Amino acid sequence: MAAPAQNLRINGDRLWDSLMEMAKIGPGVAGGNNRQTLTDEDAEGRALFQKWCEDAGCSMGLDQMGNMFARREGADAEALPVYVGSHLDTQPTGGKYDGVLGVLGGLEIIRTLNDLGIKTKHPIVATNWTNEEGTRYAPAMLSSGVFAGMHTQDWAYDREDAEGKKFGDELNRIGWRGDEEVGARKMHAFFELHIEQGPILEAEGKDIGVVTHGQGLSWTQVTVTGKDAHTGSTPMPMRKNAGLAMARILEKVDEIAWSHAPHAVGAAGHIDVYPNSRNVIPGKAVFTVDFRSPELDVITDMENRLRVAAEDIVNEMGLQIEFEKVGGFDPVKFDEGCVAAVRDAAERLGYSHTDIISGAGHDACWINRVAPTAMVMCPCVDGLSHNEAEEISKDWAAAGADVLLHAVVETAEIVE
Ligand SMILES: [Zn+2]
């Protein structure tokens, strides 16, 4: 299949103007946005997106989770569409670009193809996934998760916000519950453009991150049991100090994560010692070890080595230990063909690029389970996100959308 011509570009000014126009809906208190999911502001943002899509000649589909699908027809009625999108909802003190860039980047691709009269074999569908942020309704990526079969729709509808309002009721209230069965759509491929939300691209002076993986996560809760005793009157040889054992184990956690540098990380952020009193040697310590890596083998290795090392430590000290896996999700490996389309696009367009691993979760991480998927990242200033001060440059946005355009169009196949 032919690659798109090197001079094929999106309209960076129009993309930027649309970003600024959308940012007027649900303004924050410090220059960013508060357009949380299923609020009146979310409804208003959706209506604006729908109007823009219809002005661009698209038909809008809406499923029972409120996911929006703006379709530009392809030349082959039988061909599965290429999907492109992200989310329009924001954090309560969110930025103007997190998610929004990926949705409006999808729209900008359609506008550009219209301008140039370019037809593709496969239809192109610009998508807005409901409730990516997960602040008002946990968990994050809720509706792409239902789409990919990770959660049931009934369970999602029963999620409650801090005021006890249910997701399903609020979706109805704002008028964005569709009839379409969630997940019934089949995709030829899915692409998501997103700001990095980290500092790597800016620090390395790269225009584009070619996202190859998403970090996996493992949480192991460890309980070490010794014996509470007086800190003054208990001789050193007679102590069963669970706090000390924990300290030694945490040194091992650090060592194990470093042994898989640079992509693996490990720490314990949750720590409790009992009875947590100044003059009592802790008789119990409970802590959760958080290991992350883009490779499942590495996560498994880190979990296993933690258990062996911790058992050695407590055996030598005469204490007891228990392990419980309390959470986690598998690393994501994006589709090689889609990743190559992104990398080739950056190369063809002359943008500097590097392979990158997404440290945050994204809708693409769930959609990758049901369709060939890849992500494009662009830098953000100081790596700052989930903050009203989140900032990107117009050039970065345009570069990201250009790469998205080329990857999508190559996958959707130009017919004339
Ligand atoms: Zn996001």
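Colleague: Which exposed residues sit on the face of H9 turned away from its buried side?

Modeller: In this predicted model, that face carries Asp297, Val308, Asn315 and Glu316.

Colleague: What makes them "exposed"?

Modeller: The word is kept for residues with over 50% relative accessible area. Asp297, Val308, Asn315 and Glu316 are classed as exposed, so each of them has to be past that mark.

Colleague: And which are the buried residues of H9?

Modeller: Val298, Ile299, Met302, Glu303, Leu306, Ala309, Ala310, Ile313, Val314 and Met317. Looking down the helix axis, you find these buried residues within an arc of 145 degrees, so they line one face of H9.

Colleague: Why is Val298 called buried?

Modeller: Its relative accessible area is 15%, and buried means under 20%, so Val298 qualifies. Val298 sits in helix H9, residues 296-317. Apart from neighbours within four places in sequence, Val298 is in contact with His260, Ala264 and Ser293. Lys227 is another story: Val298 and Lys227 are 71 residues apart in sequence, and their C-alpha atoms are 34 Å apart in space.

Colleague: What covers the buried residues of H9?

Modeller: The cover includes helix H8 (242-259) and the strands E7 (216-225), E9 (265-274), E11 (284-293) and E12 (320-329).

Colleague: How do you know what length to expect for H9?

Modeller: Allow 1.5 Å a residue: for the 22 residues of H9 that gives an expected 32 Å, and the reach from first C-alpha to last is 32 Å, close to that figure. After H9 comes Gly318, with a positive phi near 75 degrees.

Colleague: Does helix H1 get the length check too? What should it span?

Modeller: H1 has 12 residues, 12-23, and at 1.5 Å a residue it should span 16 Å; the end C-alpha atoms are 17 Å apart, which agrees.

Colleague: Where do the buried residues of H1 lie around the axis?

Modeller: The buried ones are Gly12, Leu15, Trp16, Ser18, Leu19, Met22 and Ala23. Their arc around the axis is only 160 degrees, so they are on the same side of H1. They pack against helix H2 (40-55), H3 and helix H12 (394-412).

Colleague: What caps the N-terminal end of H1?

Modeller: Asn11 does: one of its side-chain oxygens lies 3.2 Å from the backbone nitrogen of Asp13. A polar contact needs a pair of N or O atoms within 3.5 Å, and the 3.2 Å between Asn11 and Asp13 fits. Asn11 is also among the residues touched by Glu108, along with Ile10, Arg14 and Leu15, if you skip residues up to four places away in sequence.

Colleague: Is Glu108 buried or exposed?

Modeller: Buried: Glu108, which belongs to helix H3, has a relative accessible area of 1%, and the cut-off for buried is under 20%.

Colleague: On to the metal. What coordinates the zinc ion?

Modeller: His87 through NE2, Asp98 through OD and His194 through NE2, at 2.0 to 2.2 Å. A donor has to be within 2.8 Å of the metal, so the 2.0 to 2.2 Å here passes. Along the chain the donors are spaced H-x10-D-x95-H. Asp98 and His194 link distant parts of the chain, 96 residues apart: Asp98 is in the loop between strand E3 (82-86) and helix H3 (100-116), and His194 is in strand E5, residues 189-195.

Colleague: Why is Asp98 called buried? And His194?

Modeller: Asp98 has a relative accessible area of 4%, while the value for His194 is 1%. Buried means under 20%, so the label fits Asp98 and His194.

Colleague: What is unusual-looking about phi of Asn131?

Modeller: Phi there is near 50 degrees, a positive value in a residue other than glycine. Met141, also not a glycine, has a positive phi near 55 degrees. Asn131 is in the loop between strand E4 (124-128) and helix H4 (142-147), and Met141 is in the loop between E4 and H4 too. Met141 counts as buried at 11% relative accessibility, and Asn131 is buried at 1%.

Colleague: Which peptide bond into Pro262 is cis?

Modeller: The one from Ala261, with omega near 5 degrees; Pro262 is in the loop between H8 and E9. Tyr274 and Pro275 are joined by a cis peptide bond as well, omega about 0 degrees.

Technical notes: Residues are numbered from 1 along each chain as its sequence is written. This is a predicted model: local features need pLDDT of at least 70, side-chain atom pairs count only at pLDDT 80 or more; totals for chains, interfaces and linings use all residues. Side-chain values use heavy atoms; hydrogens and water are left out. Donors are N, O and S atoms within 2.8 Å of the metal (3.2 Å for Na, K and Ca); water is not among the atoms, so sites may look incomplete. Helices (H or I, at least four residues) and strands (E, at least two) are DSSP runs, numbered from the N terminus. Buried means under 20% relative accessible area, exposed over 50%, partly exposed in between (1.4 Å probe, protein chains only). The expected span of a helix is 1.5 Å times one less than its number of residues. The arc is that of the directions from the helix axis to the C-beta atoms. Contact means heavy atoms within 4.5 Å. A polar contact is a pair of N or O atoms within 3.5 Å; within protein, one must be able to donate a hydrogen and the other to accept it, and residues adjacent in sequence count only if both atoms are side-chain atoms.
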